[in-house]
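Subject: Structure for you to look at

Hi there,

Here is the structure I promised to pass on. Have a look at it first, and my notes follow underneath.

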Amino acid sequence: MKYLFFKKVPFNYGCEYQRFQNGVKERGIGAYENKDAKILLKMFPDKIDEIKEEEYDELKKKLNIQPTSFRAFKTQHQDATKDPNAVYAETESKGSEKTSEKAEDLVDVGDAEVEDPLKDTE
């Protein structure tokens, strides 16, 4: 099995190959039997290169990756009646209501000693 890299795409090589985008240029790859690969290399020596299996596998993986501009964005469900740019406070459930307490009971204020800053001035 030989792996071929097609430099000029689209072009009629007389065989099928897989196209992919390499930067701004379109290229092609394919896996062929030894006798078919030799014929293609003889017919188009300046347009086809033989590559290693590792390179072929790496390029094959890139075929399955979509271009950045076409990747699906993660979506989030939103209520259509609300403004998408606004920040809404979460509502508390009725079961978790606390009993209202007086402010004096919530805050403990101790005695503070305050000096008079104008004591020494006349």
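Let me begin with a charged pair: E26 and R19 join their side chains in a salt bridge, at 3.5 Å from N to O. Both partners are partly exposed, E26 with a relative accessible area of 28% and R19 at 45%. Please keep in mind throughout that this is a predicted model.

Now the overall layout. The protein chain holds three helices and four strands. Read from the N terminus, the elements follow the pattern β-β-β-α-β-α-α. The protein chain has 122 residues, of which 18% count as buried. Its accessible surface is about 11500 Å², and carbon and sulfur atoms contribute 49% of that. On the contact side, take the pairs in the protein chain with a separation of 6 or more: 58% of these contacts are between residues 24 or more positions apart.

The sheet

How are the strands arranged? The four of them make an open sheet in the order β2-β3-β1-β4, and the pairing is antiparallel. The edges belong to β2 (18-22) and β4 (48-51); each has a single partner strand, so one side of each has no neighbour in the sheet. From one strand to the next, the twist averages 30°.

Here is how the pairs go, following that order:

- β2 and β3 run antiparallel and are joined by five bridges. F20 has R27 in β3 as its bridge partner, and Q18 stands opposite I29 in β3. The hairpin of these two strands has two residues between them, and G23 takes a positive phi near 70° there.
- β1 and β3 are also antiparallel, with five bridges between them. L4 has G30 in β3 as its bridge partner.
- β1 (residues 2-6) and β4 pair in the antiparallel sense over four bridges. Here F6 stands opposite I48 in β4.

One helix goes with this sheet in my notes: α1 (residues 34-43) lies across β1, β3 (25-32) and β4. Its direction is at about 30° to β1.

Salt bridges

Back to the charges. Side chains of opposite charge can pair when their charged atoms come close. How many salt bridges does the model have? The count comes to three, and the pair of E26 and R19 that I started with is one of them.

Another is formed by K2 and E50, whose closest N and O atoms are 3.9 Å apart. This pair links distant parts of the chain, since K2 is in strand β1 and E50 in strand β4, 48 residues apart. Is K2 buried or exposed? K2 is buried, because its relative accessible area is 18% and the limit for buried is under 20%. Its partner E50, at 45% relative accessibility, counts as partly exposed. If you plan to look at the distances yourself, note that the cut-off for a salt bridge is 4 Å between the nitrogen and the carboxyl oxygen, and the K2 and E50 pair has 3.9 Å.

K7 and D49 also meet in a salt bridge, at 3.2 Å from N to O. K7 lies in the loop between β1 and β2, while D49 is in strand β4, so the pair ties together parts that are 42 residues apart in sequence. K7 is partly exposed, with 29% relative accessibility, and D49 is partly exposed at 29% as well.

A nonpolar patch

Last, something on the surface. Which residues form a nonpolar patch there? They are L106, V107 and V109, and together they have about 330 Å² of accessible area. V107 is found in the segment after α3 (103-106). V107 counts as exposed because its relative accessible area is 52%, where exposed means over 50%.

So, if you would like a short route through the model, you could start with the sheet order β2-β3-β1-β4, go on to helix α1 lying across β1, β3 and β4, then visit the K2 and E50 salt bridge and the K7 and D49 salt bridge, and finish at the patch of L106, V107 and V109.

Happy to talk it through whenever suits you.

Best wishes

Terms used:
Residues numbered from 1 in each chain as written. Predicted model: local features only at pLDDT ≥ 70, side-chain atom pairs only at ≥ 80, totals over all residues. Heavy atoms only, no water. Patch = residues over 30% accessible without salt bridge, like charges linked within 9 Å, V, L, I, M, F, W, Y side chains within 5 Å. Areas by Shrake-Rupley, 256 points an atom, 1.4 Å probe, with all protein chains shown as cover. Buried < 20%, exposed > 50% of the residue type's maximum accessible area, 1.4 Å probe, protein only. Pairing = 2+ DSSP bridges. Axes fitted to C-alpha atoms, helices over the stretch in contact; angles between N-to-C directions. Contact = heavy atoms within 4.5 Å.
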